[in-house]
Amino acid sequence: METIYALSTAPGRAGVAVIRVSGAGARDAISHLTGAEAPRPREAALRRFRDPETGAALDRGLVLFFEGPNSFSGEDVAEFHIHGGRAVVAAMLRCLGHMNFLRAAMPGEFTRRAFENGKMDLTAVEGLADLIDAETEAQRVQALRQMEGALGALYEGWRARLMKALAYAEAEIDFPDEEVPGDLIAKLGPDIETLSREIAAHLDDGRKGERLRDGVEVAIVGPPNAGKSSLLNRLARREAAIVSDEAGTTRDVLEVRLDLGGVPVTLADTAGLREAVGAVEQEGVRRALARATKADLRIVVAAPGEGTDFTLARDGDIRVMNKTDLGGRAGEGVIGVSALTGEGLDALEAVLREKAGAAYEAQEHPLITRARHREGLAECAASLGRAGDALRAGRDAELVAEDLRLAARALGRITGRVDVEDLLDVIFRDFCIGK
Ligand code: GDP
């Protein structure tokens with residue numbers, strides 16, 4: 001395995017920059033740059049760094065040495081904490097580049113080595129990527145939890161139970177005449193059923209984890225003058241922590257990115273929608289609703305004098321009666337607000353947060369955060385279902401075993417325990433260099 005190096009902090013001017021080196025040559029990289037032995041593992045040492053070829057001083061800073069396997073990557077790792085000036089970083093990288101036992105790291109390569117050395121499973125790797133990308137508090141909490149292994153532990157726990165069931169089925173195959181305690185159905189039936197139920201419940205999560213990771217799309221719809229734009233501005237002004245001009249903003253739909261109590265939300269209102277609504281009222285609203293169907297959540301707004309029924313609202317929509325200051329009334333399942341005075345906005349935000357997924361923090365189990373997990377789980381559930389059917393139909397233990405094996409394999413692919421070569425490039429591609 002070659003020894004790799006990279007700048008691990010963001011490029012650009014900063015107080016401190018960190019360069020990491022991972023691999024068998026990490027010690028030598030330290031001695032070449034400092035003219036001394038590596039410090040004791042995990043103890044910071046203040047050193048002067050010099051160009052090994054000319055002896056010219058480069059900078060002064062901290063060196064840390066981590067001896068594998070007790071390091072991030074599982075290999076020997078050196079860290080140089082230097083001043084974050086562009087020229088300082090460039091000079092250090094140039095000297096490392098001249099050492100023939102080192103090469104520049106590729107994106108995600110440190111983390112890939114951590115995975116390959118068993119320091120992290122794939123869900124933890126994904127959690128780390130999400131943590132680096134996290135923009136809001138709720139995203140950070142979810143990512144940290146996943147990085148620390150909550151999701152991996154859940155899936156590995158299920159996989160272990162599957163392996164145990166598989167062992168029983170295999171014992172039946174290998175020793176059909178032996179006295180296997182109880183018959184196979186009695187032994188495996190309940191386990192398979194419980195596991196199926198747990199996985200189904202995990203899958204049936206309203207995609208909260210994925211929404212939190214990707215951002216929740218919320219559309220505001222309602223008749224003209226109900227106060228949609230005012231509401232959007234209210235929500236944006238009060239909570240806007242992320243204002244972005246990111247791609248995805250179509251020309252006629254105005255999007256505002258909000259940090260709503262830690263949940264990343266994209267609120268859509270719109271010039272385009274409003275014109276359509278203005279033209280032919282009911283038909284316009286219907287069209288606006290149709291366009292809003294792709295949103296994860298919809299806020300349907302009504303207001304006194306502007307249409308006060310919610311016939312266009314569907315199950316799951318958030319119903320808001322605006323202009324309470326003009327006599328708008330809250331009702332059963334309807335939140336009363338005033339975009340003018342701000343009344344009721346806390347309640348609206350609370351409902352938005354709840355629906356958008358912030359409630360996950362209180363949940364016992366970690367959530368699915370990627371389509372990749374969902375696909376693996378669905379595959380596992382399907383195989384498990386077949387195993388249960390075969391069992392009940394009194395089929396050969398071999399058939400049951402085969403489906404159990406497939407179910408376990410599907411989970412193993414999520415955590416990266418089995419057979420994932422083809423997935424790795426895709427997963428690590430999202431990382432930046434130095435991670
Ligand atoms: P939209 O067409 O649904 O986007 O509605 P607007 O946000 O443009 O609001 C229409 C009109 O209603 C504007 O004159 C707003 O100032 C007014 N408006 C919006 N919300 C309230 C409210 O809560 N109370 C009062 N009194 N007026 C409001």
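In this predicted model, alanine 6 has arginine 20 of strand E2 as its bridge partner. The pairing to which these two residues belong is that of strand E1, residues 3–7, with E2, and it is antiparallel, comprising 4 bridges. Within E2, serine 22 stands opposite isoleucine 4. Isoleucine 4 also stands opposite arginine 103, a residue of strand E6. E6 spans residues 102–104 and pairs with E1 in the parallel sense, through 3 bridges.

The cover over E1 can be followed residue by residue. In a regular strand, side chains alternate between the two faces of the sheet. On one side of E1 are Thr3, Tyr5 and Leu7, on the other Ile4 and Ala6, and all of these are buried, so that both faces are covered. Expressed as a count, 5 of the 5 residues of E1 are buried.

Strand E2, residues 16–22, continues the arrangement on its other pairing. It is joined to strand E5, residues 77–83, by 7 bridges, and the two strands run antiparallel. Valine 21 stands opposite alanine 78 of E5. Because 6 of its 7 residues are buried, E2 is largely enclosed by the rest of the structure.

A second strand region is seen at valine 218, which lies in strand E7, residues 216–221. With a relative accessible area of 1%, valine 218 falls under the 20% limit and therefore counts as buried. Apart from neighbours within four places in sequence, its contacts are Val265, Thr266, Leu267, Ala268, Ala295, Leu297, Ile299 and Leu352. One of these, leucine 267, is 49 residues away from valine 218 in sequence, yet the C-alpha atoms of the two residues are 4.8 Å apart.

Glutamine 139 offers a helical example, being placed in helix H5, residues 137–147. Its relative accessibility is 11%, and so glutamine 139 is classed as buried. Beyond residues up to four places away in sequence, glutamine 139 touches Ala134, Leu212, Arg213, Gly262 and Pro264.

The ligand is surrounded by 16 residues, of which Asn225, Lys228, Ser229, Ser230 and Asp325 come nearest. By class, this shell consists of 6 nonpolar, 6 polar and 4 charged residues. Helix H9, residues 228–239, makes the greatest contribution to the shell, with 3 residues. Lysine 228 places a polar backbone atom 2.8 Å from an oxygen atom of the ligand. Asparagine 322 has a polar side-chain atom 3.0 Å from a ligand nitrogen atom, while an N or O atom in the side chain of serine 338 lies 3.1 Å from a ligand oxygen atom. On its own the ligand has 580 Å² of accessible area, and the protein covers 75% of it.

These local features belong to a protein chain with 15 helices and 12 strands. The chain has 435 residues, and 49% of them count as buried. Of its contacts between residues at least 6 apart in sequence, 63% join residues at least 24 apart; the pair formed by valine 218 and leucine 267, 49 residues apart, illustrates such a separation. The chain exposes about 21,100 Å², and 50% of that area is supplied by carbon and sulfur atoms.

Note on methods
Residues are numbered from 1 along each chain as its sequence is written. This is a predicted model: local features need pLDDT of at least 70, side-chain atom pairs count only at pLDDT 80 or more; totals for chains, interfaces and linings use all residues. Side-chain values use heavy atoms; hydrogens and water are left out. A residue is near a molecule or strand if one of its heavy atoms lies within 4 Å of it. A polar contact is a pair of N or O atoms within 3.5 Å; within protein, one must be able to donate a hydrogen and the other to accept it, and residues adjacent in sequence count only if both atoms are side-chain atoms. Accessible areas come from the Shrake-Rupley method with a 1.4 Å probe; for residues, only the protein chains shown count as cover. Ala, Val, Leu, Ile, Met, Phe, Trp, Tyr, Cys and Pro count as nonpolar, Asp, Glu, Lys and Arg as charged, and the others, Gly among them, as polar. Buried means under 20% relative accessible area, exposed over 50%, partly exposed in between (1.4 Å probe, protein chains only). Contact means heavy atoms within 4.5 Å. Two strands pair if DSSP finds at least two bridges between them.
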